[in-house]
Amino acid sequence: MKTLVLFYSYSGKTRKLAEELAKKENAEIIEVKEKNKRSKFNAYVFGSIAAVQRKQAEIMPINCDFSQYGKIIVLVPIWAGRPAPAMNNIINALPAGKEVELIFTSGSGNSKGSAEKTKGLVEARGCKVVKYSDIRAV
Ligand SMILES: Cc1cc2nc3c(=O)[nH]c(=O)nc-3n(C[C@H](O)[C@H](O)[C@H](O)COP(=O)(O)O)c2cc1C
């Protein structure tokens with residue numbers, strides 16, 4: 001079965017990694033986009049609060065037939081120690097029975113404080129987290 005790379009990026013670093021990974025894995029790639037591009041103020045204040053509260057973002061519909069993919073690689077930046085809000089939309093869209101690889105980018109390269117909770121939310125969807133990694137994006 002095919003692999004899907006599904007990502008959200010605010011300032012482009014996660015997009016670059018996602019594109020490189022999709023090429024390497026010969027995978028299809030889908031970008032999750034917010035309906036309105038956030039200002040920096042909005043991202044750091046409201047986006048960070050939403051990330052901490054694990055709230056979903058207002059995103060464009062994810063048009064994807066997930067049934068054709070066996071593995072989904074999700075890449076999202078860390079905001080205020082948690083995955084950016086779009087991650088919560090992604091989790092909500094995950095169909096049961098998939099292998100999911102999670103890759104988080106951040107300035108520190110460390111999302112340990114939120115890792116277990118994030119993995120648990122993905123597994124609560126009936127998916128198996130096969131790999132979790134942190135990348136310090138510069
Ligand atoms: C609103 C906001 C909050 C952030 N919070 C953190 C943080 O708590 N810890 C950290 O290491 N990096 C933090 N960062 C840095 C980003 O996680 C990092 O630069 C990321 O790789 C950016 O990915 P992107 O370019 O795809 O948006 C934050 C960035 C933004 C915009």
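Where is Glu34 found, in terms of the loop and the elements on either side? In this model, which is a predicted one, Glu34 is found in the loop that runs between β2 (28-31) and α2 (40-52).

Let me stay with that residue for a moment. The relative accessible area of Glu34 is 13%, and because buried means under 20% on this scale, Glu34 counts as buried. As for its surroundings, the side chain of Glu34 makes a polar contact with the side chain of Tyr8, at 3.1 Å. If we leave aside the neighbours within four places in sequence, the residues in contact with Glu34 are Tyr8 once again, together with Ala57, Glu58, Ile59 and Met60.

Now I turn to the ligand. There are 19 residues around the ligand, and those that come nearest are Ser9, Ser11, Thr14, Ile78 and Thr105. On the polar side, a backbone N or O atom of Ile78 lies 2.7 Å from an oxygen atom of the ligand, whereas for Thr105 it is an N or O atom in the side chain that is 2.7 Å from a ligand oxygen. Ser108 also has an N or O atom in its side chain at 2.7 Å from an oxygen atom of the ligand. On its own, the ligand has 640 Å² of accessible area, of which the protein covers 85%.

Finally, the site itself: the ligand takes up the space of the largest pocket. In the shell around the ligand, the elements that give two or more residues are α1 (13-25), β3 (69-79) and β5 (99-106), along with α2, the helix that bounds the loop of Glu34 on one side.

Methods:
Residues are numbered from 1 along each chain as its sequence is written. This is a predicted model: local features need pLDDT of at least 70, side-chain atom pairs count only at pLDDT 80 or more; totals for chains, interfaces and linings use all residues. Side-chain values use heavy atoms; hydrogens and water are left out. Helices (H or I, at least four residues) and strands (E, at least two) are DSSP runs, numbered from the N terminus. Buried means under 20% relative accessible area, exposed over 50%, partly exposed in between (1.4 Å probe, protein chains only). A polar contact is a pair of N or O atoms within 3.5 Å; within protein, one must be able to donate a hydrogen and the other to accept it, and residues adjacent in sequence count only if both atoms are side-chain atoms. Contact means heavy atoms within 4.5 Å. A residue is near a molecule or strand if one of its heavy atoms lies within 4 Å of it. Accessible areas come from the Shrake-Rupley method with a 1.4 Å probe; for residues, only the protein chains shown count as cover. On a 1 Å grid over the protein atoms alone, a cavity is a set of points where a 1.4 Å probe fits but cannot get out, and a pocket is an open set with protein on both sides within 12 Å along at least five of seven lines; lining residues have an atom within 4 Å of a point. A molecule sits in a cavity or pocket if more than half of its atoms lie within 2 Å of its grid points.
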